[in-house]
Structure formats: C-alpha cells, structure tokens
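The following paragraphs go through a single protein chain, from its surface to its fold and one contact.

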Amino acid sequence: MLRPKIPTNPLPTRIVTPLVIEPTVIEQPPQQIPATPPVPVPIAPAPTPSRPTVQLTPGALLTVIGGGTAVVLVVGAVLVSMLLAVAVTAASVAICALVIRALMASNNHR
C-alpha cells in the first residue's frame with residue numbers, strides 16, 4: 001500500500017528512424033600574402049565612467065546609519081509583537097482546554 005508505483009515506459013506507437021546528419025566540408029580558396037605589412041590599429045583608451053563615484057559626506061553618513069537603525073528597530077518590534085501574539089494565543093488555547101477538560105470531568109461525576 002505504501003510502496004510507490006513506478007510507471008512503465010510506453011512503447012513507441014510508430015516506427016522511429018534515426019536522423020543521420022552528414023558533415024559538410026567548406027573549401028576556402030588559398031589566401032595571398034599581402035606585399036606590405038599590416039598597419040597596427042590604434043588602441044582606444046579605456047572609457048571613463050559617465051557617473052561620478054558616490055562620496056558620502058558626514059551628514060549623509062549619519063543619515064544612512066540612522067535610517068538603517070530605524071529599519072532594524074521597526075523590523076525587530078514587528079517580529080517581537082508577532083511572537084507575543086503567538087504566545088498569548090497559545091496560552092488562551094491552553095486555558096480553554098483546561099476549562100473544557102474540567103467541565104467534562106464534572107459532567108462524568110454527576
């Protein structure tokens with residue numbers, strides 16, 4: 001019952017012929033040697049970046065640190081509140097279970 005059932009591979013429904021690819025040969029005419037030596041191509045200088053590099057001033061650095069701290073505190077507060085909500089829900093479910101158990105036990109004694 002718990003063993004997995006492995007499907008069998010279906011047989012092809014028609015005749016399968018293999019595809020044969022024949023290699024082709026490309027013939028090139030013989031190249032002639034130029035009489036003059038080739039002129040070297042000048043190398044272009046490396047392109048300079050179009051955007052300037054980011055430079056943080058002390059005020060901007062403090063703003064970035066303050067923003068990061070605020071984000072960490074807000075995310076931490078949200079996670080702690082979610083954990084607290086789960087804990088309060090678990091406690092209330094446990095109390096409800098104890099009350100129902102006590103009611104069921106008192107019903108059996110009557």
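A patch here is made of residues with over 30% relative accessible area and no salt bridge, where like charges are joined within 9 Å and nonpolar side chains (Val, Leu, Ile, Met, Phe, Trp, Tyr) within 5 Å. A salt bridge is a side-chain nitrogen of Lys or Arg within 4 Å of a carboxyl oxygen of Asp or Glu. Accessible areas come from the Shrake-Rupley method with a 1.4 Å probe, and for residues only the protein chains shown count as cover. The model is predicted: local features need pLDDT of at least 70, side-chain atom pairs count only at pLDDT 80 or more, and totals for chains, interfaces and linings use all residues. Residues are numbered from 1 along each chain as its sequence is written, and side-chain values use heavy atoms, with hydrogens and water left out.

Val-71, Val-74, Val-75, Val-78, Leu-79 and Met-82 make a nonpolar surface patch of about 550 Å². Val-71 belongs to helix H1, residues 58-109 (helices are DSSP runs of H or I, at least four residues, and strands of E, at least two, numbered from the N terminus). The chain has one helix and zero strands.

Thr-89 is also placed in helix H1.
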